[in-house]
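Q: Could you take a close look at one part of this protein, the pocket with the greatest volume, and then set it in the context of the rest of the chain?

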Amino acid sequence: MQYFPFHLTRPVLFYKGGEFSTPDPWQHRAVYHKGDYELIYCLKGPFYLLVGEREHAIQAHDVFIVPPFTKVVGARQSTDPVDFFWLHFFSQQEEVPFQAGSDFGEALPVADTASPQIVLPMQFPAPDDQRLVVRLHEILAERLPQTTKASVDERDFLTSALLVELFKSYANAHQASVNDRMNYLREWIRANISSTLTVADIAQAVHLNADYLTRLFKENTGMTTLQYLNHLKIEVAQVLLVHTELAIKEVAQAAYFNDPKVFMRHFKAATGLSPSEYRTANSRIHLNNPHVDPQIPIPKRIADTINYIPENGDIPE
């Protein structure tokens, strides 16, 4: 998908805008954008645009951005009623659009921290359509400056604010989507973990490129996909070491490691202890059973701070 950055150290410049509506079959006439962007918000649709050489279906509630220096023409006639707002503006900076993937949680491009920058995709569903309609009405209803020499047009700032609001809403919705997808990925791996599960298997199951899957995990968990797989396996091994008396080789097998030596190497790297050392260190936890009600000595630092220490089983009055 194509993305458009906007550096807002200075506001964008409002050019023209309006609302178009028709109940009849309709096809956009051919136009050429001479340096201006066009923001479209579709209320009723779909209608079809050929932007450059690519066809786009603009659905109801979609926001669509047409870049400058681009030919736009109707790809074919609409069959349903069409209603949309259109808003043209110029950027006061030389902006450079770029391509980025859009499937399965592609991370939103990070804004440049050196300057106020927002990034919007070419097409996306409006996060809050009622609020967007209000903002567009505010811009289009604003009067022209009193004189042609006026240096400030409030519509410039209203249009810039609209872009910022769209960016924030899109970023929040996008991040929530990424979180949901990452949770799904984690649970899928946990449910399907085995000694033969590979990164390629996971990528194929969720219809992703293996390299992109690894990058997605790295960005959201700080681990690669393979590191996350090993992390889950080590968690299984830790539980088995503490709560069972299985031999180390049996723990390795039950934790989905084919080679006990590989298991011990990964376990030592993850915990700083060998499996035997980990079992010993964590076996000091007191285990209750139905026949023993232990009396555990209270440390002096605690005993010195309280006046009454009940005997085991006593209930203070």
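A: What follows begins with the largest pocket and then moves outward to other parts of the chain.

The model is predicted, and every value given here was computed from it. The largest pocket has a volume of about 460 Å³, and 16 residues line it, with Lys16, His28, Arg29, Val31 and His88 lying nearest its centre. Three strands, β2 (13-22), β3 (31-32) and β9 (82-90), each supply at least two residues of this lining, and β9 gives the most, with four residues. Sorted by class, the lining of the largest pocket consists of eight nonpolar, five charged and three polar residues.

As for the chain around the pocket, the protein has nine helices and 12 strands, and of its 317 residues 36% are buried. Among contacts with a separation of 6 or more, 72% join residues that are 24 or more positions apart. The chain exposes about 19100 Å², and 52% of that area is supplied by carbon and sulfur atoms.

A helix residue can be followed next. Thr159 is found in helix α2 (residues 154-192), and Thr159 counts as buried because its relative accessible area is 0%, below the cut-off of 20%. Leaving aside residues up to four places away in sequence, Thr159 touches Val12, Phe14, Leu87, Phe89 and Ile139.

Elsewhere, the axes of helix α4 (residues 210-221) and helix α5 (residues 225-243) come within 8 Å and cross at roughly 65 degrees. Leu213, Thr214, Phe217 and Lys218 of α4 make this contact with Thr225, Gln227 and Tyr228 of α5, and the residues of the contact divide into three nonpolar, three polar and one charged.

Some backbone details in the loops also deserve a careful look. Most residues other than glycine have a negative phi, and most peptide bonds are trans. The peptide bond from Gly45 to Pro46, however, is cis, with omega near 10 degrees, and Pro46 lies in the loop between β4 (37-44) and β5 (47-51). His61, in the loop between β6 (54-58) and β7 (62-66), has a positive phi, near 80 degrees, and is partly exposed, with a relative accessible area of 39%. Tyr256, placed in the loop between α6 (248-254) and α7 (260-271), likewise has a positive phi, near 75 degrees, and counts as partly exposed at 28% relative accessibility.

Definitions and conventions. Residues are numbered from 1 along each chain as its sequence is written. This is a predicted model: local features need pLDDT of at least 70, side-chain atom pairs count only at pLDDT 80 or more; totals for chains, interfaces and linings use all residues. Side-chain values use heavy atoms; hydrogens and water are left out. Buried means under 20% relative accessible area, exposed over 50%, partly exposed in between (1.4 Å probe, protein chains only). Contact means heavy atoms within 4.5 Å. Accessible areas come from the Shrake-Rupley method with a 1.4 Å probe; for residues, only the protein chains shown count as cover. On a 1 Å grid over the protein atoms alone, a cavity is a set of points where a 1.4 Å probe fits but cannot get out, and a pocket is an open set with protein on both sides within 12 Å along at least five of seven lines; lining residues have an atom within 4 Å of a point. Grid points are joined across faces, edges and corners, and a volume is the space filled by probe spheres set on the points. Ala, Val, Leu, Ile, Met, Phe, Trp, Tyr, Cys and Pro count as nonpolar, Asp, Glu, Lys and Arg as charged, and the others, Gly among them, as polar. Axes are lines fitted to C-alpha atoms, for helices over the stretch in contact, and angles run from 0 to 180 degrees between N-to-C directions.
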